[in-house]
Amino acid sequence: MDEWVDFSAVKGAVSLEVVLRHYQVPGLRRRRDQLEGCCPIHRGERDDSFRASLSKNVFHCFACQAHGNVLDLVAAMEKCSIREAACRLQQWFGIAVSSAPARPEPWGAGKPELVRENKGCNPPLHFALTGVDHAHPYLQQRGIDRATAAEFGMGFYGEPGLMSGRIVIPIRNPSSEIVAYAGRALDGRSPKYKLPAGFRKAWELFNIQRAAATSSQTVIVVEGYFDCVRVHQAGFPFVVALMGSSLSASQERVLAERFERVFLMLDGDAAGRAASRVISTRLSEKCSVALVNVPEGAAGSAVAHGHPRFDPRGDTRKSNRQRRIADLQRAGLICS
Ligand SMILES: [Zn+2]
């Protein structure tokens, strides 16, 4: 599973200025088509040693002699190969990968990237978006209060960039590192959810870091980000989202390894019900699975509202777990 990287597309798509801003290089001054400042690579004192030509998209440091294009800059900053630098830029800035070759290219496959790919994980981002508005009315419309939005780091992003004008939702790995932002369109534009190119959502479970931190043996599985956040807000922190209605092999492995019991709470539409059947069959070979009875046409999170809370830690003890399941059965939330 080698990742296809188009070096020239990356160089053409990302300007040095954007990358320097990404690294928050302080004190850069603009002079005609040049940026001048402290060198972010050797971090010297002189504030005029580093020059970047915006028209040529190249840089040069007169002190440490570092020079090159955006890929060279990122490789120097990240201490990685050119190939890995290109992968990161593709991911950070969501550069579309137009076509993949039939077989992996023979040149310079960056080792660190390959190791990650073999393990099936997305590399963490080296930045977090700032200026995210947690109080945007769209979040209210979706039933998410400001405190919860802030806790999840989600909100409206108005700055220029890949996610501009969208509701951004950070996706974290089990170690709580941000691996991508999903951007929800507000004006019906396509795609409804934008993800960076190269990011594999099949390798992640949204909110797994919180669900795992509860040490709950039970996990609630929903389809979407907003469902997940609403279920959390309703008092059930041991919830994850598939980010769709299919279960990847990697997601299946994580669920089976970390949890004893899965409450499947996919949407109440035909797709959700069909997916529930397939997923419960697969998971039931590895752990205990219960289907939550979601009303026709409703999102999974609808049933979490108004349900009495229970101690999320309690389910490590069998009696509490049984009591909870009985609770859910009485409330008509479980159909099997
Ligand atoms: Zn330098």
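In this predicted model, H60 stands opposite H67, a residue of strand β5. The two histidines belong to the pairing between β4, which spans residues 58-61, and β5; these strands are antiparallel and are joined over two bridges. The pair is part of an open sheet of five strands, arranged in the order β1-β2-β3-β4-β5 with antiparallel pairing. At the edges of this sheet stand β1 (29-31) and β5 (67-68); each has a single partner strand, so one side of each is left without a neighbour in the sheet. Strands of a sheet are held together through backbone hydrogen bonds, in either a parallel or an antiparallel arrangement.

The parallel arrangement appears in another open sheet, made of four strands in the order β12-β11-β13-β14. Here the edge strands are β12 and β14 (288-291), each of which pairs on one side only. From one strand to the next, the twist averages 25°.

The bridges of this sheet can be followed across its order. β12 (residues 239-241) and β11 pair in the parallel sense over three bridges, and V222 stands opposite A241 of β12. On the side of β13, β11 forms four bridges, again in the parallel sense; I220 stands opposite F263 of β13. β13 in turn runs parallel to β14, to which four bridges join it. Among the residues involved, R261 has S288 in β14 as its bridge partner.

Strand β11 deserves separate attention. Five of its five residues are buried, and the strand is thus described as mostly covered. The cover extends to both faces: T218, I220 and V222 are buried on one side, while V219 and V221 are buried on the other. The I220 that faces F263 in β13 and the V222 that faces A241 in β12 therefore lie on one side of β11, and both are buried, a residue being counted as buried if 20 or more other C-beta atoms lie within 10 Å of its own.

The connection from β11 to β12 involves a helix. β11, helix α9 (residues 225-233) and β12 make a right-handed β-α-β unit. Within this unit, α9 lies across β11 and β12, and the helix runs at about 170° to β12.

A further helix, α10, covers residues 249-258, and its residues Q251, V254 and L255 are buried. Viewed down the axis of α10, the buried residues fall within an arc of 95°, so they line one face of the helix. The face turned away from this buried side carries A249, R253 and E257, which are exposed. Which elements cover the buried residues of α10? They include the helices α8 (208-213) and α11 (270-283), together with the strands β11 (218-222) and β13 (261-264). Two strands of the parallel sheet, β11 and β13, are thus among the elements that cover the buried residues of α10.

The confidence of the prediction remains to be considered. The mean pLDDT of the protein is 81, and 79% of its residues reach 70 or more. Over residues 98-119 the pLDDT is below 50, and this stretch has 25 contacts in the model beyond near neighbours in sequence. Residues 306-319 likewise have a pLDDT below 50; beyond near neighbours in sequence, that stretch has 22 contacts in the model.

How values were computed
Residues are numbered from 1 along each chain as its sequence is written. This is a predicted model: local features need pLDDT of at least 70, side-chain atom pairs count only at pLDDT 80 or more; totals for chains, interfaces and linings use all residues. Two strands pair if DSSP finds at least two bridges between them. A residue is buried if 20 or more other C-beta atoms lie within 10 Å of its own, exposed if 12 or fewer, and partly exposed in between; C-beta atoms are placed from the backbone. The arc is that of the directions from the helix axis to the C-beta atoms. Two residues are in contact if their C-beta atoms, placed from the backbone, lie within 7 Å. A crossover is right-handed if, with the strands pointing away from the viewer, the path from the first strand over the helix to the second runs clockwise. pLDDT is the predictor's confidence in each residue, from 0 to 100. Axes are lines fitted to C-alpha atoms, for helices over the stretch in contact, and angles run from 0 to 180 degrees between N-to-C directions.
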